[in-house]
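Here are my notes for anyone opening this one for the first time. Keep the viewer at hand and take the points in order.

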There are 2 protein chains.
Amino acid sequence: MQTLDHMQEKAVAASEFMKCFASPHRLMILCHLAQGEKNVSELIELTGIPQTSMSQHLSKLKNEGLVDFERDHRLLIYSISNPDVLKIMDAIYDIYCKEFIDDPDKK
Amino acid sequence: MQTLDHMQEKAVAASEFMKCFASPHRLMILCHLAQGEKNVSELIELTGIPQTSMSQHLSKLKNEGLVDFERDHRLLIYSISNPDVLKIMDAIYDIYCKEFIDDPDKK
DNA sequence: TTTTAATATAATATATTTATAATATCATAA
DNA sequence: TTATGATATTATAAATATATTATATTAAAA
């Protein structure tokens, strides 16, 4: 099985990538960024995550290459920089938000 | 954003699910099971993961509802019991094994 | 040029995960 | 029945991740 040999080589990298989605806080950050770029203060308000914790999560996501930011005066505007993130998010939405997606009228 | 409210409710469950893919060992176990059911000894031989560690990873995957097993005499045969696992695995293959999938002749 | 808003970094405590070692269970073969 | 193979469970140690507290940086406003 060559695909499996291939995965064996990539298993550490792939699992590091998956770890970025394996925290409720980071998952919510990525959900919000999937809707469009946001500055840090906006992300804090949207999620309720404390500033220091937010900064550390964003730092990890940046180091792992999932997000990037640009400065706008005093604001740092974060956005998803890796389209692979959306592939995983799509699968997660499909699994966890399907009822809603299938039936938009449902409250 | 109702989808986001929805995700907020599911964020803990979704991240618990994602944690199952966030370890190189579990990722390889799931890769092998994605190819078809395997007993524990086969999984140990295929992956090189020590018996105790294998048993614990399988236990976690079972508890989280990703896999199940049936007994065949002395063997426990594990298989993927949740189709959502394949949705995530497909995305991971797409991200990390695409070169191979796109060009099967490549060594 | 001092203050303030926005954000990051560092240090640390706490919790969680993972691996390892030892032992137990359970089914079958001898 | 006893021994053996297959696997699980328990206990514990080691590593990693997360949250918290305190402090630093940086840009802009006063």
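1. Start where the two chains meet. Chain B and chain A bury about 3800 Å² between them, and 74% of that area is on carbon and sulfur atoms. On the chain B side, L4(B), M7(B) and Y96(B) lose the most area to chain A, together 17% of what that side buries. Do keep in mind that this is a predicted model.

2. How many residues does each chain bring to the contact? Chain B gives 38 residues and chain A gives 39 residues.

3. Now the polar side of the interface. The rule finds six residue pairs in polar contact across chain B and chain A, with both residues at pLDDT 80 or more. As for where the chain B side comes from, helix 1 (2–19), helix 2 (24–34), helix 5 (83–96) and helix 6 (98–102) of chain B each supply at least two residues of the side that touches chain A. The largest share, 15 residues, comes from helix 1 of chain B. Sorted by type, the residues of that side divide into 23 nonpolar, eight polar and seven charged.

4. One spot to zoom in on is H6(A), which sits in helix 1 of chain A. A polar atom of the H6(A) side chain lies 3.4 Å from the backbone oxygen of Y96(B). H6(A) counts as buried because its relative accessibility is 14%, below the 20% cut-off. Y96(B) should ring a bell: together with L4(B) and M7(B), Y96(B) is listed among the chain B residues that lose the most area to chain A.

5. Which charged side chains meet across the interface? The rule finds two salt bridges between chain B and chain A. One salt bridge joins K87(A) and D94(B), with N to O at 3.2 Å.

6. Stepping back to the whole model, the count comes to ten salt bridges over all chains. One of them links K62(A) and D68(A), whose closest N and O atoms are 3.4 Å apart. Both ends are partly exposed: K62(A) has a relative accessible area of 32%, and D68(A) has 35%.

7. Chain B has a salt bridge between K62(B) and D68(B), with the closest N and O atoms 3.5 Å apart. K62(B) counts as partly exposed at 33% relative accessibility, and D68(B) is partly exposed with a relative accessible area of 35%. Elsewhere, salt bridges that share partners join D84(A), K87(A), D94(B) and K98(B) into one network.

8. Another salt bridge worth a look is in chain A, where the side chains of E16(A) and K19(A) meet at 3.0 Å, N to O. Why does the spacing along the chain matter here? E16(A) and K19(A) are three residues apart in helix 1 (residues 2–19) of chain A, so about one helical turn separates them. E16(A) is partly exposed at 26% relative accessibility, and K19(A) is partly exposed too, with a relative accessible area of 28%.

9. How many disulfides does a search of the whole structure find? The search finds zero over all chains. C31(A) is in no disulfide, and the nearest cysteine sulfur, in C97(A), is 7.1 Å away. In chain B, the sulfur of C31(B) is 7.1 Å from the closest cysteine sulfur, that of C97(B), so the two are too far apart for a bond, given a cut-off of 2.5 Å. Are these cysteines buried or exposed? C31(A) is buried, at 0% relative accessibility, and C31(B) is buried, also at 0%.

10. C31(B) leads on to helix 2 of chain B, where C31(B) is one of the buried residues. That helix is mostly covered, with eight of its eleven residues buried. The buried ones are R26(B), L27(B), M28(B), I29(B), L30(B), C31(B), H32(B) and L33(B). After helix 2 of chain B comes G36(B), with a positive phi near 145°. To tie this back to the interface, helix 2 of chain B also supplies at least two residues of the side that touches chain A.

Conventions: Residues numbered from 1 in each chain as written. Chains lettered and ligands numbered in written order. Predicted model: local features only at pLDDT ≥ 70, side-chain atom pairs only at ≥ 80, totals over all residues. Heavy atoms only, no water. Contact = heavy atoms within 4.5 Å. Buried area = accessible area lost by both parts, 1.4 Å probe. Salt bridge = Lys/Arg side-chain N within 4 Å of Asp/Glu carboxyl O. Polar contact = N/O pair within 3.5 Å; in protein donor to acceptor, adjacent residues only side chain to side chain. Helix = DSSP H or I, 4+ residues; strand = E, 2+ residues; numbered from the N terminus. Nonpolar A, V, L, I, M, F, W, Y, C, P; charged D, E, K, R; others polar. Buried < 20%, exposed > 50% of the residue type's maximum accessible area, 1.4 Å probe, protein only.
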